[in-house]
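Here's a quick briefing on a ligand site and a pair of cysteines. Take a look at the model first, then read on.

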Amino acid sequence: MESSAFALRNIVTVKELSNEQVLDLIKSGQAFKRGQKADLEERARFATNMFFEDSTRTHTSFAVAEGRLGMNVIEMSPEHSSLKKGETLSDTFLTLDALGVDTLAVRHGEVDYYRPLLELQEASDLNIHLINGGDGSGQHPSQCLLDLMTIYEEFNHFDGLKVAIVGDLKHSRVARSNAQLLTQLGAEVYFSGPDYWYEDSYSQYGPYVAMDDITEKVDVMMLLRVQHERHDANSDSERSFSKEEYHEKYGINEARYARMKDSAIICHPGPINRDVEFASSLVQAPKSRYVQQMHNGVFMRMAMLEAVMHD
Ligand code: CP
């Protein structure tokens, strides 16, 4: 049985994952991709998904992953739940546990929204497992792990790989999660993009470099979405360039694509601002792994769900 045999109670950040656990999750995701069945005791299982922020990939791929694992999927719209009557998210978590729900996947706009839920889980010894589908600009563990699965599929290792993470670093939970695990796994991580979206907290993982100094050297070019919805409309610095200027300075255009190594790949978590981070004509070009990332997202989320249900 190649699917994940280890247990994790919850997956809310990548901080608590060891390299061994990350590689186990990747191998489990790859096994699911090859068609392997889950290694779970047979009984009715229930998965709940609550998305407070908009999502296409993460939300749908959790639902597909849960369906493929044979779980009963319950979609809970925050707008139509008792949260609207003033019930807290912690009380919602307590309620779902009492109903016998096995897993809850949540996307939330607030960084660390999950802390009170984990305290309640610990204090009341709840059986329900929490998976973070993204918290504000905090963490995005399932995106990071599917990115790592996609990179591992390509190179079969992480040690010494040169990875550039480029763009809206300040607002990116994808960048924070990937910077942490990629360096932990031995990759050399570089950061690039507009300086007003750079944060010193990234310097612990690798240098901040000019896009054109790194283009020819990288094995993985990880583009980040410009997150307009998180920008401060009053901040002049965040409005000071046009889409065309961004694309010219920091985007993957035909010229930069041609300068990248033949063996290099381009990742983007999606959704893409076409012709901003990534030239529309290149989104499905040979070096792009955008579609593979989305496809792998289903199998990685199956691996994550199975790992928490082993607890
Ligand atoms: N990458 C990602 O989180 O996409 P969605 O917002 O569509 O889920």
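The shell around the ligand comes to 1 nonpolar, 6 polar and 3 charged residues (Ala, Val, Leu, Ile, Met, Phe, Trp, Tyr, Cys and Pro count as nonpolar, Asp, Glu, Lys and Arg as charged, and the others, Gly among them, as polar). Keep in mind that this is a predicted model, where local features need pLDDT of at least 70, side-chain atom pairs count only at pLDDT 80 or more, and totals for chains, interfaces and linings use all residues. Side-chain values use heavy atoms, with hydrogens and water left out, and residues are numbered from 1 along each chain as its sequence is written.

**Around the ligand**
- Asp54, Ser55, Thr56, Arg57, Thr58, Arg107, His140, Gln143, Pro269 and Gly270 surround the ligand, each with a heavy atom within 4 Å of it.

**Polar contacts (N or O pairs within 3.5 Å)**
- Thr56 uses a backbone N or O atom, 2.8 Å from a ligand oxygen.
- Arg107 brings a side-chain N or O atom to 2.8 Å from an oxygen of the ligand.
- With Gln143, a side-chain N or O atom is 3.0 Å from a ligand nitrogen.
- On its own the ligand has 260 Å² of accessible area, and the protein covers 92% of that (Shrake-Rupley method, 1.4 Å probe).

**Cysteines**
- The whole structure has 0 disulfides (cysteine sulfur pairs within 2.5 Å).
- Cys267 has its closest cysteine sulfur in Cys144, 11 Å away, which is too far for a bond.
- Cys144 is buried at 0% relative accessibility, and Cys267 is buried at 0% too (buried means under 20% relative accessible area, with a 1.4 Å probe and protein chains only).

Terms used:
Polar contact = N/O pair within 3.5 Å; in protein donor to acceptor, adjacent residues only side chain to side chain. Buried < 20%, exposed > 50% of the residue type's maximum accessible area, 1.4 Å probe, protein only.
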